[in-house]
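Here is a quick tour of ring contacts, a cavity and a run of paired strands. Have the viewer open as you read.

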Amino acid sequence: MGKFVILVFGMSMLSNLLFGQTNCTIKGLVVDENNEPLTGATVLLSPIERATITDAKGNFSIKNIPKGKYKLQISFIGYHSLIDSVRMDGDKTYNARLRLAALSLQEVVVKNNYVESRKKDESLDIEIVNDNYLKQNLGGSLMNSLERLPGVSNIDIGSGQSKPVIRGLGFNRIVVVENSIKHEAQQWGADHGLEIDQYAVDNIEIIKGPASLMYGSDAIGGVIDLKNRKLPAENSFGGVIDLSGKTNNDFLGTSVLLYGRKKWFFVNFRATLLDYGDYKVPTDSVDIYSYRAALHKNRLRNTAGKEQNYHLSFGIIKKRFHTRFYVSNTSSKNGFFANAHGLEPRNVDTDLHDSSNRDIQYPYQKVEHFKIINISIFSWDKLRMESNIGFQRNFRQEWSQYVNHGYMPPIFPDTLSFLPDLERQFEKYVVSANLKFLYQLNDHVQVNVGVNGEYQDNRIDGRGFIIPAFNQKNIGGYALGKYSLPQNQMIQFGVRYDYGVINASEYFDWFPSPVFENGNTSMQYLMRAENIKQDFSNISWSLGYNYHPGKWSYKANLGKSFRMPIAKELAANGVNYHRFSYEVGNPNLSPEISWQLDMGIEYSSRNFAIGMTPFVNYFPNYIYLNPSSEHDRLYGNGNQVYYYTESRVFRYGLELHTHYELFKSLQLGIMGEYVYSEQLSGKKEGYTLPFSPPPSVVFNIKYQKQKIKFLENAYLSLDYRIVAPQNNIVPPEETTKGYQVINVAFGGNIKLKNHSINITAQVQNLLNTKYFNHTSYYRLINVPEPGRNLIVNISVPFSGNFKQK
């Protein structure tokens, strides 16, 4: 580490010596439509990523700027951001007037110049949300907070455990990136949520559709890119205190951010503490197959949990170089619904669980995720170089009382290396590296080339087996070119090559089982997984076209994507307690290929906007779990056996959004989504894919006022969501009834001296409706979605300035 710090410092000094030149200053004033100064507006100069905030009089100043052309972005919550190009060949004064933002359809997808310019640069459909959105739509997990966006949903199991789904694709078909490094944990598990602190996220970009070109093979279905790039102003310090509460599961949470910056060095620290109890559902019992389990006070027993997250970020900002380190550790402990784990609902000590709704008894899981990331950026006149280096350790343990199945001994032997109640343990180490070059050849041509590499080492332990230990190596390189044509047109083309190797280790049972051969019986330790070594390679490409005449926007993208099979698909052989199945891998699977056409058309004026983003998708060999008529009796309680297989799959769908501003303060909006999937080969030919989301539409009405007495930027929003029945299923799935849910949100800012306290509140499932989510695993055991939930978040900022000598 010491050598690396010296290297970074040396490169910084070398950069200064080689590229030092006369520096400039930009200063100015930021006001609103009434020429009142805006205190705390953010002023960002790119690509050197120099930032500051306006003072109490709306003034700002950024010094030591090398000569050149830059992008200036000025933003303030509740106002349209201003983005402009400035050429610095001397000191400059820049005054800005920000206009109050028109109401946006999705409340938090900020309809400002940055978002529009970013969308115009991307031929795939993209959504951009900020931390203000996350606070206004705070859910039990990061993915719960994003599911309001069209085309985005989640597969969840219990409180705080959910996986991202984009246009019906999830698990290892969606890449989650945090601070430029791919987040790696145990994505194959239905109960394995994202170990990410949603309080620590500033900005999220969601790319719908295949994004393998720049993000690697797992991005065959889309990308969720999480960023934490805010920089404190020079010679400033401060922080934010977030206080959150939820009534459904008695959730209490706090997150505290502290930051400080002198001239070229800055540091941020955040601590998040969460504690919650068993969550409530609008029913007093659930039917778990043939057994009805009564619920105490409508609570799913043993779904309580707690979480502790710590983040440290620090860096150096110089003229043409800046580097930033991120160090984080997320730690959580949460229970599994006691009546469902292992499908033994009759053997639950209800008195123990029901004595408190906040205790965590067996079964439960403990997860820790440690991560360290470095992002370093060098900028010259036309060239930008960025390096990303990351290390991650994911440690997961699942605990439950030992119960013998099949030929397991009634009394657990004391000669084994693991404890009898350690059901499963996974320990994954990941090293990642990216190197990117962005070259602006001229005003029309931009070239982006890069290389990505990753190494994974996953180890297992415990009495239960589902996937073997494995290690995996991946490397890929890409080139992407963008050419701007006259009349706001752009063509982009990219190509990528990927190569990967996976090595899975053999595994034998820890107990002997009788084997009958040639009339003789012997006791043997059965092999559950063989040694596997496979390598995969492929070429992906993408061709896109954007056209933006006036108020209209058109885009299209045609591409081929690729995904390596994961260890679970190749070598699984065990019970998945959270999907209530026994799963068997297939070592002969081929890499998954996807061909997709994405399109988009949008019209936007000051008071009205409408847009549609259809897509068509074809998989020659989609990998999925195929249910069989077999049931396992050796390792579980009669779970149905599923086999990984391949099938040709055809998919299409679209997202639709429209909004109309009746008055300056009142807006009506509609958001809808539809996905259709059909298997074209295999045993389930003619059927859809499992857990396909049903069509849905959200009708929204929102009232927003710049000031109501002491409340500034006040808003009141009502969502009326209609979800159609899902009758298009694949056996043994069962159909899911449609439902209607009403959600209400309101909030605003209270100004105290020079600080603005932000208050947001929601009432989810206002009418306490009992309904089932087709993409929830708990639907399989007839557990409805959570009941009425009041969510409140209060953000209290504070700041100051260091005295300058």
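Phenylalanine 237 has glycine 260 of strand 18 as its bridge partner. That pairing belongs to a bigger picture: strand 17 (residues 236-246) and strand 18 (residues 251-261) run antiparallel and are joined by 11 bridges. The hairpin of strand 17 and strand 18 has 4 residues between the strands, and aspartate 250 there takes a positive phi near 55°. Keep in mind throughout that this is a predicted model.

Strand 18 has another antiparallel partner too, strand 19 (residues 265-276), with 10 bridges between them. The connection is again a hairpin, this time through 3 residues. If you want a spot to click on, try leucine 258, which stands opposite phenylalanine 269 in strand 19.

Back at the 17/18 hairpin, there's a charge-over-ring contact as well. Lysine 246 lies over the face of phenylalanine 251, and the distance to the ring centre is 4.2 Å. Elsewhere, arginine 173 does something similar: its charged end sits over the ring of tyrosine 622, 4.0 Å from the centre.

**Contacts involving rings**

| Partners | Contact | Distance |
|---|---|---|
| Arginine 173 and tyrosine 622 | charge over ring | 4.0 Å to the ring centre |
| Lysine 246 and phenylalanine 251 | charge over ring | 4.2 Å to the ring centre |
| Phenylalanine 337 and tyrosine 778 | edge-to-face pair | 6.1 Å centre to centre |
| Phenylalanine 465 and tyrosine 507 | stacked pair | 4.2 Å centre to centre |

**Ring on ring**

How many aromatic pairs does the structure hold? The count is 30. One of them is phenylalanine 337 with tyrosine 778, where the planes make an angle of 65° and the pair is edge-to-face. This pair links distant parts of the chain, 441 residues apart. Phenylalanine 337 is in the loop between strand 23 (321-335) and helix 6 (350-354), while tyrosine 778 is in the loop between strand 45 (755-764) and strand 46 (789-801). Buried or exposed, then, for phenylalanine 337? With 1% relative accessibility, phenylalanine 337 counts as buried, and tyrosine 778 is buried too at 5%.

Why does the pair of phenylalanine 465 and tyrosine 507 count as stacked? Because the planes are at 10°, with the ring centres 4.2 Å apart, and planes under 30 degrees apart count as stacked. Phenylalanine 465 lies in the loop between strand 27 (445-461) and strand 28 (470-485), and tyrosine 507 lies in strand 30 (residues 507-508), so the pair ties together parts 42 residues apart in sequence. Phenylalanine 465 is buried at 3% relative accessibility, and tyrosine 507 is buried with a relative accessible area of 15%.

There is also a cluster linked by ring pairs, made up of Tyr402, Phe412, Phe418, Trp510, Phe511, Tyr582 and Tyr635.

**The second largest cavity**

The structure holds 11 cavities of 30 Å³ or more. The second largest one has about 480 Å³ of space. Arg173 and Tyr622, the charge-over-ring partners from above, turn up here: along with Phe171, Arg579 and Tyr777, they lie nearest the centre among the 32 lining residues. Elements giving two or more residues to this lining are strand 12 (169-170), helix 7 (567-571), strand 39 (608-631), strand 40 (640-663) and strand 41 (666-679). Which strand gives the most? That's strand 39, with 4 residues. By class, the lining has 18 nonpolar, 7 polar and 7 charged residues.

How values were computed. Residues numbered from 1 in each chain as written. Predicted model: local features only at pLDDT ≥ 70, side-chain atom pairs only at ≥ 80, totals over all residues. Heavy atoms only, no water. Phe/Tyr/Trp six-rings, centres within 6.5 Å; stacked < 30°, edge-to-face > 60°. Buried < 20%, exposed > 50% of the residue type's maximum accessible area, 1.4 Å probe, protein only. Lys NZ or Arg CZ within 6 Å of the ring centre and 35° of its normal. 1 Å grid on protein atoms, 1.4 Å probe; cavity = no way out; pocket = protein on both sides within 12 Å on 5 of 7 lines; lining within 4 Å. Points joined across faces, edges and corners; volume = space filled by probe spheres on them. Nonpolar A, V, L, I, M, F, W, Y, C, P; charged D, E, K, R; others polar. Pairing = 2+ DSSP bridges.
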